[in-house]
Amino acid sequence: MRIGFIGLGNMGGPMAANLLKAGFDLSVFDLSAAAVQAAVAQGAKAVASPAELAGADVEAIITMLPAAAHVKQVYLGADGLLANVQPGVLLIDSSTIDPHSAREVSAAAQAHGNPMLDAPVSGGTAGAAAGTLTFMVGGEAADFEHARPVLAAMGKNIVHCGGAGNGQVAKVANNLLLGISMIGVAEAMSLGVKLGMDAEVLAGIINTSSGRCWSSEVNNPLTGAPAARGYSGGFGTDLMLKDLGLASEAARQVRQPVLLGALAQQLFQAFSNQGNGQLDFSAIVKLYQEG
Ligand code: NAD
C-alpha cells in the first residue's frame, strides 16, 4: 500500500520508520529537512509540499502535526491536501487536537469525497519507537477497518471510538484524568513522606491498595523512572499543559464543568512558567517540596 506521511517529529519520525519496516511504500513531507532526510535514509521518498504529496499516487495520507492550527493549514490551506488530493484517498490525522477542529476538518474532507479518521495516540515516544501505540479512532466503521492494517504497523491497541472526532474525545478525557491523577499522587506521596514515611514503601502500599493508578504505579512522581533521571525525557509538562488546554476548551464548547481539570491546568501552567516545561509532568511534585 502506498502511503503519504506529513509530520516527522518526535512521534511521526518513529511511526514512519515502523511503516517502512512493515513494507509500506512511503512518501514523506516535513518542514524540517533533517527530519525528511532521516526518513529518506530509511527508505522513504521525499516530496516538496503537502500539495505534491496529495498529487502523488498514494492510497492513504497520515498526518502527525503539533496542534490544530498546523492541521488546518495542511488540510484546508490553499496549497493544502484537500485542494489537491484525489477523492477516495483515506486521510488519517494522528495529531492531538480538539474534537471540534477534528470534526471541522473531517467534514471538509467528506465534502471533498475523502474518508477521514481522527486517530490520536497514547504511548509517547517510546511507544512510537516500539510500535506499541494505542490509537483512539473516530470516523466511519468501514474506514476504520480500511485503516486498521496501517495503524497496526505502528500500534498494538487500536480502538474505534465512534464517529468523527471521537478519537480526540477519548484522548482529551484520558489526559484530563491523567493530569489530575498525577497531581493527586504527588500530593499524597508528599504528605506521606512529610509525615515520616519512606517513599518506596508508601508507593508499594498505594500500588496494592485503592489509591493505585498509572500515575502512582508506572510514573510515580517520587519513585518512578522519570524521578530517578531528574525528570528529563518522558511526557513533558508543556505537552500535558497543551492537552489540559484542549480539555478545558472542549468542555467550554459544550458548557461542561471540569473543575479539577481547570485547577490542574493552572498548576501545570504555574510550574511551566517556573522554567519546567520540558521536565516530565510528574515533576509537578516539586510544587509540594520546600526550597
Ligand atoms: P514534534 O513537534 O516533535 O513534531 C511535529 C513535526 O511536524 C515537526 O517535525 C514539524 O517540523 C512538523 N510540522 C509542523 N508544521 C508542519 C507543516 N505545516 N507541514 C509539515 N510538517 C510540519 O511533535 P510530536 O512530539 O511528534 O507530537 C506530534 C503530535 O502528537 C502532537 O499533536 C502531540 O500532542 C501528539 N502526541 C505527542 C506525544 C509525545 O510524547 N511527544 C504523545 C502522544 C501524542
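This report describes the overall build of a predicted protein model, its two annotated domains and two of its residues.

Residues are numbered from 1 along each chain as its sequence is written. Local features need pLDDT of at least 70 and side-chain atom pairs count only at pLDDT 80 or more, while totals for chains, interfaces and linings use all residues; side-chain values use heavy atoms, with hydrogens and water left out.

**Overall build**

The protein has 13 helices and nine strands, these being DSSP runs numbered from the N terminus (helices H or I, at least four residues; strands E, at least two). Its radius of gyration is 20 Å, close to the 19 Å that the globule rule gives for 291 residues, so the protein is as compact as a globular protein of that length. The radius is taken over C-alpha atoms, and the rule is 2.2 Å times the number of residues to the power 0.38. Along the principal axes, the C-alpha atoms fill a box of roughly 65 × 45 × 35 Å.

Of the 291 residues, 48% count as buried (under 20% relative accessible area; exposed is over 50%, partly exposed in between; 1.4 Å probe, protein chains only). Among contacts (heavy atoms within 4.5 Å) between residues at least 6 apart in sequence, 64% join residues at least 24 apart. Carbon and sulfur atoms hold 57% of the accessible surface, which comes to about 13,000 Å² (Shrake-Rupley method, 1.4 Å probe).

**Annotated domains**

Both domain annotations come from an unreviewed UniProt entry. Such annotations may be inferred rather than shown by experiment; positions follow the numbering used here, and feature names are shortened.

| UniProt domain | Residues | Helix | Strand | Distance between end C-alpha atoms |
|---|---|---|---|---|
| 6-phosphogluconate dehydrogenase NADP-binding | 2-162 | 41% | 24% | 26 Å |
| 3-hydroxyisobutyrate dehydrogenase-like NAD-binding | 165-288 | 65% | 0% | 37 Å |

**Two residues**

Val 74 lies in helix H4, which spans residues 68-76. With 11% relative accessibility, Val 74 counts as buried. Leaving aside neighbours within four places in sequence, Val 74 is in contact with Ile 6, Pro 50, Thr 63, Leu 65, Gly 80 and Leu 81. Asp 93 is 19 residues from Val 74 along the chain, and their C-alpha atoms are separated by 11 Å.

Gln 265 is placed in helix H13, residues 259-276. Its relative accessible area is 19%, so Gln 265 is buried. Not counting residues up to four places away in sequence, Gln 265 touches Leu 241, Leu 244, Gly 245 and Ser 248.
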